[in-house]
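The following account leads the reader through one protein structure, element by element. Please keep the sequence and the coordinates at hand while reading.

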Amino acid sequence: MWAECRIEAGQGIAPGNVVVATADGDGVGVDYTQAIASDGDLRCYFQVGRDDQRLKVSIAEEAGQTVASANIDAPAAIPFEKEWILAIGDAIGIEGASEQQGRRNFPIVSVLPDGRDLPHHWIAYDGVDLIVFPGSQGAIVNALADSQKQALSDWVRRGGRMVLTLGGESQAAVAAGSWIRDSLGLQIEEEVVDVDPRAIESFTNTQTPLKAYPALRLPSSGGRTLLTGRTLDRQTVPIVKEYLVGFGRVLILAADLDQEPFASWADRQNLLERFLPNAIGTRNNTSQRHTSAAGYTDLVGQIRRTIDQFDSHWVLPFKWLAGFFVLYLGLIGPLDYWIVNRWLGRPLLGWITFPLAVLGFAGLAFYGTTIATPAQPVVNQFSVVDIDPSEKVGRGFAWTQLLSGSAGRNNLRYTIESEFSDPDSQQPITGWWGVNGQEFGGLTSIGRDRQMPDYTIAAEASGENLSSIATGLPMATAATKGLAAWWQFEPRAAVESSLKQRPGTDLLSGSISNPLSVDLLDGLLVYRGWAYLLPTRFTAGKRIAEVSSLTSKNLKWRLTRRSVDKASTATEPWNPEMQGDLDRLLEIAMFHDTAGGPKYTELSNRIINHLDLSHVLSTDNAILLGRVDTPIVQLDEDEHAAEAGTVRAFARILLPVETGR
């Protein structure tokens with residue numbers, strides 16, 4: 001995951017670059033460089049590909065000469081199987097659960113006493129699963145630098161999860177001009193009410209009474225109410241609400257859990273576990289039944305196996321390789337002895353037959369590598385772009401496997417189509433993708449590859465935009481390399497759809513149109529538990545006057561290929577070892593929780609869980625999705641034009657639904 005490096009230095013820093021030298025996921029050395037900002041901020045965004053890896057951080061002049069440098073030990077990496085919770089000011093008791101029994105998989109909790117260490121760009125929150133923000137600590141966030149506030153709100157809108165506690169001490173956190181109002185757009189009033197604790201007591205089944213407590217009055221409209229209570233004067237008030245902010249989720253609990261009476265309440269941890277079962281509750285481990293055979297434990301490993309297969313490049317099966325090896329040993333050994341000594345009776349011929357056998361098999365091996373290696377680089381790639389027109393936020397992610405045609409060093413950059421990028425920045429953040437280990441499916445290794453030269457990932461910052469390119473990337477003949485691109489943009493397409501929920505059901509009525517300038521293939525309109533089948537080609541700008549005329553299918557049945565046979569139904573089991581069907585893999589990745597999560601796939605979905613929009617289906621939003629027949633993002637190689645192999649591009653658009661509530 002990405003991280004942010006900041007250097008504290010004095011005044012008068014000359015123009016130049018901040019450089020962080022480390023190793024990528026394959027153990028190859030990589031130098032991350034970023035120009036020193038005009039305001040003198042010394043920052044650089046980088047990835048660490050090896051645990052316990054020493055970092056070399058330096059400042060270089062524009063000419064390349066190093067001004068100052070230091071070697072430091074990178075902090076211990078958080079394993080992929082553990083979630084990471086970041087608490088601002090106070091962890092509201094979450095960290096206490098790690099000391100209880102049966103909590104080996106409890107997430108890592110980091111508590112920041114102030115905002116100095118919060119990142120200045122959303123990419124540095126890449127590894128964070130949940131942020132806890134007590135409203136009583138609102139002064140910390142409100143005092144952040146503008147870039148830090150923007151980074152935090154961008155992370156939420158891109159799909160982050162945040163927990164806000166808003167009690168009687170949280171008025172400053174929601175006041176006019178606060179980060180919650182201006183950046184997240186949540187309109188919470190400053191009115192404080194005294195809440196009867198009985199709703200909380202019943203929810204937690206506590207045996208310890210809770211005193212009445214002050215809380216901010218949450219609005220009755222907007223969001224999704226998860227728990228309702230009463231004030232001491234018997235007025236009904238929401239206690240817990242969940243809001244969809246862009247593609248992220250903000251859970252608001254109307255109570256200061258870091259203050260009394262909750263700070264000393266014995267069941268505070270139980271309350272948190274019930275509200276956040278997927279984050280801090282007792283979780284079942286992913287089934288390991290297929291781990292030894294498949295070689296990976298995460299869905300990303302199954303996708304990697306598929307996207308790393310190239311039609312233009314074949315790999316000799318091991319049984320064939322073993323057969324040739326046995327034949328070679330037999331030819332230069334027993335067979336050569338029998339022919340030369342026993343049959344011909346001329347041992348001196350061995351000085352001729354032995355070199356001929358060696359040269360013959362060497363030539364066969366060389367010919368095999370020649371016909372199996374493409375003449376030019378080949379790219380397998382998939383990309384997913386998500387657009388929320390109402391929040392004016394768009395995000396993109398692309399995963400590329402590059403197959404080299406010949407050994408050499410490559411200069412690589414991504415270019416995004418103008419409709420899915422900001423006008424002043426059509427290049428994303430570029431980085432390597434994939435590590436060794438059980439998640440991606442590879443042998444665990446912590447060493448550094450000393451045989452390959454170092455390469456550079458150079459970043460350019462322009463306002464809030466950050467982009468980077470890879471230069472001098474070394475690749476061996478017929479080798480593959482995983483690359484990824486991340487970006488954010490403000491969508492410009494106007495949505496002219498008008499969807500309504502039919503009374504008493506989760507079915508839709510109303511019109512829908514394709515707001516993009518490209519056609520959507522094999523499209524779906526997804527709402528709650530239903531999927532509406534769009535025309536095979538939903539052309540740009542086309543309008544469907546009434547969606548109720550479309551064929552609707554149960555979404556989970558469609559994802560799990562469930563079918564009806566006479567009086568019974570059967571679900572097609574997921575095969576964790578299945579390879580080759582990239583469309584099927586991405587379909588599950590985009591709605592993994594809806595399909596049943598690890599209970600269905602027997603694989604976790606920790607690495608690319610940002611692609612899963614299952615949580616949107618519980619809100620008043622529908623999702624228009626389809627495949628785009630032209631690449632959304634293009635990988636360019638300076639010297640050799642890459643040939644397109646398996647390329648998939650998907651677009652998903654959030655559409656508001658009028659529910660009448």
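Helix α13, residues 582-590, is a suitable place to begin in this predicted model. Eight of its nine residues are buried, so the helix is largely enclosed by the rest of the structure. The buried positions are L582, R584, L585, L586, E587, I588, A589 and M590. Burial here refers to a relative accessible area under 20%. The cover over these residues includes the helices α8 (299-307), α12 (555-559), α14 (592-595) and α15 (598-601). It also includes two strands, β16 (378-388) and β34 (643-658).

A contrasting region is found on the surface. There, W320, F324, L327 and L364 form a nonpolar patch, with about 400 Å² of accessible area together. Helix α9, residues 318-332, gives the most to this patch, contributing three residues. W320 lies in helix α9, and its relative accessibility of 48% places W320 in the partly exposed class.

The next element to follow is a sheet. Seven strands make up an open sheet in the order β8-β7-β9-β10-β15-β14-β13, and their pairing is mixed. Strands β8 (108-112) and β13 (224-230) stand at the edges; each has a single partner strand, so one side of each is left without a neighbour in the sheet. From one strand to the next, the twist averages 20°. Strands of a sheet pair through backbone hydrogen bonds, in either a parallel or an antiparallel sense.

Both senses can be traced in this sheet. Strand β9 (residues 130-134) pairs with strand β10 (residues 161-165) in the parallel sense over four bridges, and F133 stands opposite L164 in β10. Strand β10 also pairs with β15 in the parallel sense, over five bridges. In that pairing, L164 stands opposite I252 in β15. Between β14 and β15 the sense is antiparallel, over six bridges, and V245 stands opposite G248 in β15. Strands β14 and β15 form a hairpin with two residues between them, and G246 in the turn has a positive phi of about 65°. As for the surroundings of β15 (residues 248-253), five of its six residues are buried, so this strand is largely enclosed by the rest of the structure.

Charged side chains provide another route through the model. Side chains of opposite charge can pair when their charged atoms come close. The count comes to 24 salt bridges. In one of them, the side chains of R157 and E391 meet at 2.3 Å, N to O. R157 lies in helix α2 (residues 146-157) and E391 in the loop between β16 and β17 (393-403), so the pair ties together parts that are 234 residues apart in sequence. R157 is buried, at a relative accessible area of 15%, whereas E391 is partly exposed at 29% relative accessibility.

A salt bridge also joins the side chains of R198 and D196, at 2.9 Å from N to O. D196 counts as buried, with 12% relative accessibility. R224 forms a salt bridge with E242, and the closest N and O atoms are 2.6 Å apart. Because R224 lies in strand β13 and E242 in strand β14 (residues 236-245), this pair ties together parts that are 18 residues apart in sequence. R224 is partly exposed, with a relative accessible area of 34%, while E242 is buried, with a relative accessible area of 16%. In addition, salt bridges that share partners join R558, R561, R584 and E587 into one network. The network leads back to the starting point, since R584 and E587 are among the buried residues of α13.

The last position to consider is Q438, in the loop between β19 (429-432) and β20 (455-462). Q438 is partly exposed, with a relative accessible area of 39%. Which residues is Q438 in contact with, leaving aside its neighbours within four places in sequence? They are E81, G295, Y296, T297 and D298. Q438 and G301 are 137 residues apart in sequence, and their C-alpha atoms are 8.0 Å apart in space.

Conventions. Residues numbered from 1 in each chain as written. Predicted model: local features only at pLDDT ≥ 70, side-chain atom pairs only at ≥ 80, totals over all residues. Heavy atoms only, no water. Buried < 20%, exposed > 50% of the residue type's maximum accessible area, 1.4 Å probe, protein only. Contact = heavy atoms within 4.5 Å. Patch = residues over 30% accessible without salt bridge, like charges linked within 9 Å, V, L, I, M, F, W, Y side chains within 5 Å. Areas by Shrake-Rupley, 256 points an atom, 1.4 Å probe, with all protein chains shown as cover. Salt bridge = Lys/Arg side-chain N within 4 Å of Asp/Glu carboxyl O. Pairing = 2+ DSSP bridges. Axes fitted to C-alpha atoms, helices over the stretch in contact; angles between N-to-C directions.
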